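Thank you all for coming; today I would like to walk through one protein model with you. Please take a moment to look at the sequence and the structure before we begin.

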Amino acid sequence: AGLATSWYLAIYPFFLNPTLLARAEEAISLADSNMNYDTSWLTELSLPLFLSFLSIQLSHELAHRAVAANYGFNISLPTFVPSIATGLTATSTSFKSPPKDSNELFDFAIAGPLVGMIFSLVALAVGMNWT
């Protein structure tokens with residue numbers, strides 16, 4: 001469900017464009033009439049955005065995992081938590097064994113957001129270059 005929310009967030013911004021919205025509505029009316037329709041154009045547009053959402057989230061989680069491995073404490077696999085109401089996809093990771101001190105906890109807590117910000121800036125630069 002978390003990945004589905006990310007996919008939804010990757011598609012939704014394109015419907016703010018009136019031309020693309022009209023094209024999607026045309027495909028929906030064809031589908032309602034049991035006629036052939038093609039929405040591959042929407043996948044081609046939204047796939048880069050979806051992959052950037054996913055890579056930012058995964059890099060964030062991998063940074064937490066790397067810090068946990070470095071300090072020797074165990075964490076669970078991340079669980080994707082969707083929210084269509086807020087438009088965000090989050091993950092929840094539990095400690096299987098706690099960090100030894102507050103410095104380890106701080107390093108664990110800050111690693112994910114910092115790496116996520118770096119990946120966000122990279123995605124922004126790539127997106128600006130492509131458009």
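**Surface, fold and one nonpolar patch**

Let me begin with the surface, where the protein chain exposes about 8700 Å², of which carbon and sulfur atoms supply 66%. Please keep in mind throughout that this is a predicted model, and that the pLDDT of the protein chain averages 86, with 89% of the residues scoring at least 70. Among the elements of the chain, helix α1, which covers residues 2–11, has the lowest mean pLDDT, at 68, whereas α4 has the highest, at 94.

Turning to the fold, the protein chain has 4 helices and 2 strands, and if you read along the sequence you will meet them in the pattern α-α-α-β-β-α. Of the 131 residues in the chain, 27% are buried. If we take the contacts with a separation of 6 or more, residues that lie 24 or more positions apart account for 59% of them.

Now I would like to return to the surface, and to ask which residues make the nonpolar patch of about 510 Å². The patch is made by Ile118, Phe119, Val122, Val126 and Trp130. One of these residues, phenylalanine 119, is found in helix α4, which spans residues 102–130.

Why does phenylalanine 119 count as partly exposed? Its relative accessibility is 37%, and because partly exposed means lying between the 20% limit for buried and the 50% limit for exposed, phenylalanine 119 falls into that middle class.

Key:
Residues numbered from 1 in each chain as written. Predicted model: local features only at pLDDT ≥ 70, side-chain atom pairs only at ≥ 80, totals over all residues. Heavy atoms only, no water. Patch = residues over 30% accessible without salt bridge, like charges linked within 9 Å, V, L, I, M, F, W, Y side chains within 5 Å. Areas by Shrake-Rupley, 256 points an atom, 1.4 Å probe, with all protein chains shown as cover. Salt bridge = Lys/Arg side-chain N within 4 Å of Asp/Glu carboxyl O. Buried < 20%, exposed > 50% of the residue type's maximum accessible area, 1.4 Å probe, protein only. Contact = heavy atoms within 4.5 Å. pLDDT = per-residue confidence, 0-100.
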